[in-house]
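Colleague: I'm new to this one. Could you walk me through it?

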Amino acid sequence: MGKRAILLGCFEKNEDKEKYLLTENATKFDETVDGKLSDAINVIGPLKKNKCRVFYGLSPTHPVVAVVGLGPNNAGYNDSEEIDEDRENIRSAISVGTRTLRDLGSIDQIDVDDCGDGVAAAEGSHLILYNYDELKGESLKKSNVNLNHLNVSKDPEAELKWNYGLTLAKGQNITRRLMETPANLMTPTRFGNIAVEELSKLGVKVHIRDRAWAESQKMGSFLSVANGSDQPPIFLEMHYNNAPNTKPIVFVGKGITFDSGGISLKPSLNMDKMRADMGGAANVFGTIYTLASLKASVNIIGLTPLTENMPSGKATKPGDVVFAMNGKSIQIDNTDAEGRLVLADALCYAHNFEPQLILDIATLTGAMKVALGAAMVGVFSTSTKHYNLLQKCGVQTGDRVWRMPILSHFTKQITDSATADLNNIGGAGQGGACVAAAFLKEFVTNPNWMHLDIAGVMDNKDDVSYLGKGMSGRPMRTLVYFAKAFFNNELN
Ligand code: BES
Ligand code: ZN
Ligand code: ZN
């Protein structure tokens with residue numbers, strides 16, 4: 001039998017850094033132990049932000065008590081960081097406390113203080129506990145810890161917030177798992193089967209389209225990427241409509257289950273990471289999974305072209321010309337610029353649903369990673385008000401976006417081809433993320449289009465403290481906020 005721990009928060013007192021302010025839950029706990037908690041903190045002095053201290057023997061119900069420093073009380077909105085610091089501080093401090101208690105090894109229950117924001121506390125604690133160890137033997141797996149919401153005043157509102165945060169974290173963890181899973185175990189077929197298994201029971205209609213269907217749709221660009229692979233391609237279509245009499249948002253996600261580069265083969269160093277080149281598709285899946293779990297009143301269609309990008313005797317060769325669904329011819333100068341080729345057809349197809357907005361998301365360019373690192377997702381938008389709403393959502397989730405340009409300057413580069421309407425890499429070798437966006441724009445006629453390049457945020461080293469190492473599942477929570485806000489008429 002493991003032990004039960006309690007995790008409590010403690011703010012800095014704004015006027016006096018030598019003093020501290022216990023959260024409401026911590027104050028109530030302190031009363032039940034006759035002030036022994038504050039006595040203990042007084043001995044060691046106030047806790048600095050993101051520091052955790054563990055006390056033993058203060059309480060008969062909780063033999064282990066952890067306290068974390070939350071930073072200043074009412075930190076508020078930080079303009080230059082574009083973040084809600086109250087929430088972000090709770091996410092990171094609670095994650096530090098949760099990890100500390102888990103690493104003790106003997107704890108199997110943690111009662112987590114919501115610190116006044118159950119969404120953030122549930123996110124921080126559940127995101128940090130995620131760990132991809134399902135392929136390891138039992139002895140190598142981290143111990144299982146249950147997280148309970150500490151809500152001393154039994155406030156029903158606080159309970160709803162905790163459950164919301166829990167659902168968001170669960171959705172991001174599913175996205176991470178899809179991305180992390182080795183490519184031999186996460187083929188297009190497997191991804192499609194998981195969608196059927198997991199989404200059907202939430203009321204999402206899932207259609208698995210095969211190669212013959214894609215041929216009938218004249219998706220020559222998508223299929224040219226699938227040519228080199230022995231794994232059959234899948235075009236996955238997911239419909240979740242809980243907002244009758246509305247037009248949908250279509251989410252399009254790049255689903256390259258492994259990107260070897262094709263004939264334009266990538267170097268071997270870090271090639272394994274290209275198992276997560278379906279991060280766009282995983283984000284679309286996770287977003288729809290989360291919205292359906294929340295029974296959110298939204299109307300969403302998800303499209304994910306899924307295939308490997310592999311070299312073989314059947315693979316597309318540099319210089320080959322293919323035709324996309326809209327009839328445009330594309331000269332493939334580099335088979336490693338395959339994401340834009342699969343997205344081209346999916347974007348064309350998206351127009352069939354007369355959407356209010358088309359949003360595509362893709363681990364598209366190494367250049368994006370160079371530009372913004374893992375700090376923010378680069379967003380190219382033809383509509384300022386849609387971008388502004390997405391930006392606002394990023395402030396709230398802590399998973400932020402930054403606007404990038406869509407310019408004819410870049411279009412010039414990809415429309416320069418001796419043999420076709422377009423070439424797939426452009427010439428100058430600069431501004432690669434913007435060139436890729438300009439290429440995608442050739443397949444969009446809907447006035448409202450956003451393209452998210454998530455190559456930079458695909459995996460996490462120590463960029464986001466509450467995520468741990470590995471594939472990140474970013475920015476799925478921001479997309480969930482966006483869809484909800486959009487159908488709640490918060491666009492202006
Ligand atoms: N999947 C890669 C982009 C990528 C790189 C994602 C690093 C995540 C981390 C994409 O298909 C690619 O290879 N892009 C090329 C484009 C180039 C050939 C124009 C790139 O960025 O080098
Ligand atoms: Zn590539
Ligand atoms: Zn790729």
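Modeller: Sure, we can go through a metal site, one arginine and some salt bridges.

Modeller: Before that, this is a predicted model, where local features need pLDDT of at least 70, side-chain atom pairs count only at pLDDT 80 or more, and totals for chains, interfaces and linings use all residues. Residues are numbered from 1 along each chain as its sequence is written, chains are lettered from A and ligands numbered from 1 in the order in which they are written, and side-chain values use heavy atoms, with hydrogens and water left out.

Colleague: Okay, metal first. What coordinates the zinc ion (ligand 2)?

Modeller: Asp259 (OD), Asp336 (O), Asp336 (OD) and Glu338 (OE) do, at 2.0 to 2.2 Å. Donors here are N, O and S atoms within 2.8 Å of the metal (3.2 Å for Na, K and Ca), and water is not among the atoms, so sites may look incomplete. Along the chain, the donors are spaced D-x76-D-x1-E.

Colleague: And why is the site of the zinc ion (ligand 2) called irregular?

Modeller: Its 6 donor atoms make angles of 72 to 167°. Six donors count as octahedral if opposite donors are over 155 degrees apart and all others between 65 and 115; four count as square planar by those limits, or as tetrahedral if all angles lie between 85 and 135 degrees, and anything else is irregular. For reference, ideal angles are 90 or 180 degrees for six octahedral donors and 109.5 degrees for four tetrahedral ones.

Colleague: Which residue bridges the zinc ion (ligand 2) and the zinc ion (ligand 3)?

Modeller: That's Asp259, and the two ions lie 3.2 Å apart.

Colleague: Is Glu338 buried or exposed?

Modeller: Glu338 is buried, at 1% relative accessibility. Asp336 has 22%, so it counts as partly exposed. The cut-offs are under 20% relative accessible area for buried, over 50% for exposed, and partly exposed in between (1.4 Å probe, protein chains only).

Colleague: New topic. Where does Arg474 sit?

Modeller: In the loop between strand E22 (470–471) and helix H15 (476–487). Helices (H or I, at least four residues) and strands (E, at least two) are DSSP runs, numbered from the N terminus. Arg474 is buried, with a relative accessible area of 4%.

Colleague: What is Arg474 in contact with?

Modeller: Leaving aside neighbours within four places in sequence, its contacts include Gln172, Asn283, Asp399 and Ala375. Contact means heavy atoms within 4.5 Å. The Arg474 side chain also reaches the backbone oxygen of Ala375 at 3.2 Å.

Colleague: How many salt bridges does the structure hold?

Modeller: There are 26, each one a side-chain nitrogen of Lys or Arg within 4 Å of a carboxyl oxygen of Asp or Glu. One of them pairs Lys28 with Glu24, closest N and O atoms 3.2 Å apart. Both lie in helix H1 (residues 24–32), 4 residues apart, about one turn of the helix. Lys28 is partly exposed at 29%, while Glu24 is exposed at 53%.

Colleague: And which residue forms a salt bridge with Arg91 in helix H3?

Modeller: Glu88 does, with the closest N and O atoms 2.6 Å apart. Arg91 and Glu88 are 3 residues apart in helix H3 (residues 85–104), and both are buried. Arg91 also meets Glu123 in a salt bridge, 2.6 Å from N to O. That pair links distant parts of the chain, with Glu123 in helix H4 (residues 118–129), 32 residues from Arg91. Glu123 is buried, at 0% relative accessible area. Through shared partners, salt bridges join Glu88, Arg91, Glu123 and Arg477 into one network.

Methods: Polar contact = N/O pair within 3.5 Å; in protein donor to acceptor, adjacent residues only side chain to side chain.
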